[in-house]
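Hi,

Here is the structure I said I would pass on. Have a look at it first, and my notes are underneath.

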Amino acid sequence: MPQSTATPQIRRPTYREGQLLQAAELQAEQQSRTDALARHEQNVHTAGIELSDTPPPAPSDRTAGAWPVVLCRAQLKGRKVTVHTDVREDLQLRAETLSAPAGGSRVVLGGQSGRRTQVLGVQLARDEGGLDDVTTVNADGTGRVDIDASVAGDIRAGGPVRLHTPVPAPQAAAPWSLYRASLTRPDKTVVEQLRLEVGEVKSGVNPGALELLVAKGGIGAEQDLLRVDAGTTVTVGGSLTVEGFSTVTGFPGPLPAGTTLSSLAAQEAQLLAVAQVLLTQLTNTDLRATLHAGPAPSGSTAVSYTLRLASSATTTVTSVAAYETVVNVSTSTLISSQFIAQGIDLPAASTHDVARTVTLGPHPTPASIAVMAIGVGQDGQPRIGTLQFPAST
């Protein structure tokens with residue numbers, strides 16, 4: 001930028017009272033103020049940047065590989081400075097690393113030696129010296145965060161979330177493992193699993209000592225919400241809400257919204273009803289169990305009866321076994337339960353009698369005797385006959 005080396009003469013107009021001012025005197029006054037401002041800008045301030053909302057065009061003589069910073073082009077003519085804004089451009093900063101003044105953090109821009117695919121990285125200083133990566137971004141769009149992070153707001157994922165390496169197991173909770181697995185089921189279907197294992201139950205290990213706990217509250221004041229141990233026992237500390245249908249022993253049915261004593265009783269009644277349906281489906285007239293002789297006279301400690309097993313006129317039933325259960329009705333206690341017949345073959349339209357004497361107890365002892373007989377029909381399907389009757393001494 002050309003500059004004049006001669007010291008300019010400073011002139012300033014003065015006026016007297018009652019003077020008639022003409023245009024020349026007023027122009028001299030304005031020029032004096034302009035010259036004073038120019039001297040101030042030239043001698044008091046250092047070079048600076050004039051800001052503009054309009055970015056200038058890039059110069060055509062840009063040197064390849066160089067990083068020029070063009071602020072502006074100014075021209076001094078006489079005592080007037082003219083700034084040409086047509087060659088000015090925005091200031092750009094280009095570097096491989098940006099370090100904090102204290103050296104505690106650094107931003108890595110672009111690839112460096114051994115980091116050619118990395119376009120951005122944030123590093124923090126170690127206590128023992130040096131810097132470690134805490135956040136990296138690669139040119140293919142992948143990234144990595146290598147520090148413990150907490151999030152105060154919502155987390156939203158625009159793509160798939162992949163778990164590659166599980167968190168190392170803390171010493172106080174070992175052994176446990178969190179990992180991904182691919183499993184082929186017996187029906188040949190393949191499933192991807194995220195598995196959390198509480199430990200392996202080995203010989204001498206109490207399964208209840210290895211458990212997964214979901215709780216609220218701090219140590220010593222926690223409230224169990226869900227507890228699962230390695231022995232497959234699941235304990236729900238609060239209410240259990242199941243939306244939809246749950247399958248119990250192959251029969252679907254809705255479960256109540258909460259686990260209460262009445263709901264458990266309702267579930268038991270439902271299971272008994274399902275069992276009765278299943279028993280009815282298996283029971284038919286091909287095998288019958290009937291009472292052939294009644295109980296012995298009262299006053300004795302035992303009762304006697306004859307179980308008659310009979311096959312239908314068209315079906316042979318083989319390998320028949322009969323199981324007897326005797327219950328004290330007054331105390332709801334079990335008196336006896338045992339097989340009373342095994343390996344009996346019944347040709348079509350035949351019978352087989354089994355004489356029984358059951359000791360109940362001193363008079364009066366009311367009891368309920370139930371017998372279930374089961375065999376195999378000619379089609380290989382089970383045949384069942386049942387018998388139940390009261391008895392007393």
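Below is what turned up when I went through it.

First, a caveat: this is a predicted model. The chain has 393 residues, and 17% of them count as buried. Its secondary structure comes to two helices and 21 strands. The accessible surface is about 28,500 Å², with 54% of that belonging to carbon and sulfur atoms. As for contacts between residues at least 6 apart in sequence, 42% join residues at least 24 apart.

One sheet to look at is an open one made of five strands, running in the order β3-β4-β5-β6-β7 with antiparallel pairing. β3 (97-99) and β7 (143-145) are the edge strands; each has a single partner, so one side of each is left without a neighbour in the sheet. From one strand to the next, the twist averages 20 degrees. At the β7 end, β6 (residues 131-138) pairs with β7 over three bridges, in the antiparallel sense. Val 137 has Gly 143 in β7 as its bridge partner.

Now the charges. The whole structure holds eleven salt bridges, and a few of them are worth pulling up on screen. Arg 126, Glu 128 and Asp 132 are linked in a network. In it, Arg 126 meets Asp 132 at 2.5 Å, N to O, and meets Glu 128 at 3.5 Å, N to O. Glu 128 is exposed, at 65% relative accessibility. Arg 126 is partly exposed at 32%, and Asp 132 is partly exposed at 33%.

Which side chain does Arg 356 meet in a salt bridge? The partner is Glu 324, at 2.9 Å, N to O. Arg 356 sits in β19 (residues 351-359) and Glu 324 in β17 (residues 317-328), so this pair ties together parts that are 32 residues apart in sequence. Buried means under 20% relative accessible area. Arg 356 is therefore buried at 16%, and Glu 324 counts as buried too, at 0%.

Last, there is a nonpolar patch on the surface, about 430 Å², made by Val 214, Leu 225, Leu 226, Val 234, Val 236 and Leu 240. The elements giving two or more residues to this patch are β11 (223-229) and β12 (234-236). Val 214 comes from strand β10 (residues 211-216) and is partly exposed, with a relative accessible area of 39%.

Cheers

Definitions and conventions:
Residues numbered from 1 in each chain as written. Predicted model: local features only at pLDDT ≥ 70, side-chain atom pairs only at ≥ 80, totals over all residues. Heavy atoms only, no water. Pairing = 2+ DSSP bridges. Helix = DSSP H or I, 4+ residues; strand = E, 2+ residues; numbered from the N terminus. Axes fitted to C-alpha atoms, helices over the stretch in contact; angles between N-to-C directions. Buried < 20%, exposed > 50% of the residue type's maximum accessible area, 1.4 Å probe, protein only. Contact = heavy atoms within 4.5 Å. Areas by Shrake-Rupley, 256 points an atom, 1.4 Å probe, with all protein chains shown as cover. Patch = residues over 30% accessible without salt bridge, like charges linked within 9 Å, V, L, I, M, F, W, Y side chains within 5 Å. Salt bridge = Lys/Arg side-chain N within 4 Å of Asp/Glu carboxyl O.
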